[in-house]
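Here are some exercises to work through with the model open in your viewer. Try each task before you read its solution.

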Amino acid sequence: MAPQPFTVSANRLIYYSDIDLVTGEDAVRVSLDDGTTITGAYFAMNLKLNRFIVAGGVELSYPGGHLSGAAFTRFMDFSRAYFVPVTDQPDRWTFVGSDYAHPLRGRDMPGDTFYLPEVTHRHVFLYAKTARFVPKSSAFFQGVRLSQLGTFIPIPSFFLSYSRNPNFSQNSLAGAYIDDPFPFAGSTNSLETAHLRYDNINKLYASYEQHLVTDRSYLVASINPLTRPQRQYNLTASDLLGNNFQLLTFAQESAFQQWFQQPLSASGYLYGTATAALHNSYLQLHGDWYYQSLLAQPRPGVNGLLYYGDPTHPWLPDHPSDGQLTWSGFDHRLSRHLPLEFRLRSGYGVAHDPYAALAFLNNTFYDTLWFHYVGINAYTPSIKLGKTLVFNAVADKQRQWFSAPHHIDTTSTTFSLSRVFGPKAAVYAAYQLQNVGDFFGAQQLIAYPPGSAGAYNGAGQFVPVPFPDYAAFRGFSTQRGFVEGFSFTPNPYFQTSLTMRENHDWPAPIAPSSLYGLTGRPPLELDGDVRLRVNRTTSVDIGRSYYFGFGDLRWSPQFSIRVGP
Amino acid sequence: MTVQRGRVAFVILLVAGVALPGLASVAAPPKPAGSPVPTSSLSPAQTALPVPSALPSAATPAPALPGLTMTATPSGTLVRFAGQILDVRNGFVFFTTGDGFRLDPSLRTDDYFTGAPTPIVPALRVYARASFDTATHRVVQLDLSRRPIPPEASYEAVHAFAVTASSPRPNPELVPRAGFSGRIVNVTFTALVPSTTNLNDVVYMETDQSGWNPLAIRLDRIDALHYRITLRLPSGSEFLYRYTRGSAQSVERARNGIEQPPRSLLVPEVDLKNQDDTVYSWADTNPASGSNSAPGPDAIPTPFNPAPFPFPVPRKTLKP
């Protein structure tokens, strides 16, 4: 029988987030759903061990009786309660389930049954007046003062979900520099959260997110930002139907609107994925739908332009879409004697865009492209070279055919050597080679015409490209990369890694400048990352990159600093 | 599933006390004056013992094992025991061991650290050193403090003084079944990732103890296909985890492409545990490219055709 919810009130309830503990002081009253009440001077609930104690002048009232004692402890996972009665003589009683009328007298108890937790120097997350506990799931606090930036702010309620269901961690919000969540309501299957967020575009703003979850499904929806006109309505959902079929979807509407008035612009994106497990393989059907404007076509405005409000909110009727059915095989060993694993894949799909060309050949728009492909991925398990070195190799080959007459071959190969220095340090070096070829056969020079190193713009004007590699580009590229990595983790509180990446690509990358954005991979890049664990619930991750002689880039724009659990 | 988890945790609970057999919590009946102090009235299999935390965050601090101090008194021998008070009622003081001890009518209370009379009243959560008269089995003095105080006599030395109405009876539910002490075990997780994982990718571990935050534990790459991290976990605890590449959308998938329940590890009673896992695929892997980018029209047909750069793509003329 699942443990039943119960309610606790006290003059002061305290939640210590770093030790998963809730304590109550003075006028403690615990109300179980079976009508039993326990009063006392002190309460402590260990959320992870799923047990609580009431101590000090304990009065236990149950339907049909009343008992006085020094302490009462309930181990909810085992439907056992332990009690120190105070009658003419002390005793030790064990209650089975909720049968308080027939205690097992004198029975041995676990040794720490009545121990009180030590909370000195622990982090107080909130104070509250009442709390409703659903064992192993949640605690709903009311009359809350919440720890924020060194002070305590009053809020009506705080819903603490400590469920082991990972679906509660699904996220539908975009990233932000700072995110301060306020879960204010919820249940075993839901969670409503207000977020106070900050980023460099929207500055300080509020958002809202709603979770609906079960063990096998989730639906998460959000409005972000809630307090800015340019916002996103997001929804992501998943459902496991049996053990071999899963549906997954994501929908997004980006709108510019004042609060919930008629938006001046609204675009949408939707994808859906269905996965079906087969014997030794699985099938996946995936579709994407883009809607540049969800609004009705407006009347022509200035200069015949189509827009809502003013020309900064143009109306665009474009709605590209694509879909594909893929088959992915399991890993198989080539032979018993050869250390080589391989995995096959294939797929069939279509992409359609009624307004923008997916391909443009011989002055012909291809607004619908059908394609199919086959691919193989092979790799060696870790092979020991001598006593200390480990060798890995990975190769991948794919050919993709299109209804527009061409096919693309992609071949990539990776070799790595690594060495592990005990449990704390490791180094590796990897060489990666990737070739991509876009084969048009006799029409190769039509698709990639000599001397055209550019494209025609919407006005029919040719825009040249001032980069010689691209002027010589005929649809075949080579990327070569050499990666060296070092990681050092001397203890659980400190981690560091250093990675050097050296890339020799053709066509050469276009370095970022005031005229052009970054295209391609930097020739030489050094990345460093340090992670410090401050305490059990807080870590700080600091990372930065340096680019050697790559246009305007030297140091990456700023440190990446992340504070998290 | 819930039942199974509960059973596992119960086993942990039951077996946890084996390593600390000195902390028997069952009060023996009062002994006549002058009788030797029993060291333990229970066999190890019957002994009810402190339960180590099933999770590292949930440790319940157990009182330290005290030493024995005896001082000659006119009435017999004085035994001192330090602990924390649960309650003082009806002429008894109750300690967090669950035992009630009878207070002597001439009880004296002092400050533990100064030895002077104290305004602290013996009450719930107050730390106390109780001095027992071995002749009367009564507490004749309480030295009080609001801070933890160092242990003195062992629990075995005083539990015979506890007053109990019922004879102690063994609890069949507390029979140990396996050897978990809650000791800290270095568990090294090594994950074999899909061979399509990019060399630039960072792999993390999300766990139930960190609220399934996908950035909670960062793994170190040790070669092209393996990531590794060593965690310190208490033996007997059940550790739930999943690998991810840093977001809820890039969490690992089962071999058959379906979302899988979290991995579970019952931390064994060893010095070092190597846990080797295989990640078969990531949720955001695009099968068409074999890479970890979401599929979309931008990837079709190729970045090299028709315009590899951010130049205008030819568009059809719109008719207003």
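## Exercise 1: the cores

The largest nonpolar core holds 83 residues, and those with the most contacts inside it are A:Phe43, A:Val54, A:Ala55, A:Ala71 and A:Phe141. A core here is a set of buried Ala, Val, Leu, Ile, Met, Phe, Trp, Tyr and Cys residues joined through C-beta atoms within 7 Å. Keep in mind that this is a predicted model: local features need pLDDT of at least 70, side-chain atom pairs count only at pLDDT 80 or more, and totals for chains, interfaces and linings use all residues. Residues are numbered from 1 along each chain as its sequence is written, while chains are lettered from A and ligands numbered from 1 in the order in which they are written.

**Task.** Find the residues that A:Val54 is in contact with, leaving aside its neighbours within four places in sequence.

**Solution.** Start with the cut-off: two residues are in contact if their C-beta atoms, placed from the backbone, lie within 7 Å. Next, skip the sequence neighbours within four places; A:Val54 then contacts A:Val28, A:Val30, A:Ile38, A:Gly40, A:Phe43, A:Ala71 and A:Phe72. Finally, look apart from the largest core: there is another one, of 28 residues, including A:Ala430, B:Ala224, B:Tyr241 and B:Val279.

## Exercise 2: a sheet in chain A

**Task.** Work out the strand order of the open sheet of eleven strands in chain A.

**Solution.** Strands (E, at least two residues) and helices (H or I, at least four) are DSSP runs numbered from the N terminus, and two strands pair if DSSP finds at least two bridges between them. Walking across, you get E8-E7-E6-E5-E4-E3-E2-E1-E9-E10-E11, with antiparallel pairing. The edges are E8 (104-105) and E11 (151-161) of chain A, each pairing on one side only. Now zoom in on one pair: E5 (65-75) and E6 (80-85) of chain A are antiparallel over six bridges. There, A:Phe75 has A:Arg80 in E6(A) as its bridge partner.

## Exercise 3: two hairpins in a row

**Task.** Trace chain A from E13 through E14 to E15: how many residues sit between E13(A) and E14(A) in their hairpin?

**Solution.** E13 (190-199) and E14 (203-213) of chain A pair antiparallel over ten bridges, and three residues lie between them in the hairpin. A:Ser190 stands opposite A:Leu212 in E14(A). Carrying on, a hairpin through three residues joins E14(A) to E15(A). E15 (217-224) of chain A runs antiparallel to E14(A), with six bridges, and A:His211 has A:Val220 in E15(A) as its bridge partner.

## Exercise 4: the shape of chain A

**Task.** Why does chain A count as more spread out than a compact globule?

**Solution.** First, the inventory: chain A has two helices and 37 strands. Its radius of gyration is 31 Å, well over the 24 Å that the globule rule gives for 565 residues, so chain A is more spread out than a compact globule. The radius is taken over C-alpha atoms, and the rule is 2.2 Å times the number of residues to the power 0.38. Along its principal axes the C-alpha trace spans about 105 × 75 × 50 Å.

## Exercise 5: one alanine in chain B

**Task.** Is B:Ala160 buried or exposed?

**Solution.** Place the residue first: B:Ala160 is in the loop between H2 (155-158) and E7 (184-192) of chain B. Then apply the cut-offs: 20 or more other C-beta atoms within 10 Å means buried, 12 or fewer exposed, and in between partly exposed, with C-beta atoms placed from the backbone. B:Ala160 counts as buried because it has 20 C-beta neighbours inside 10 Å.
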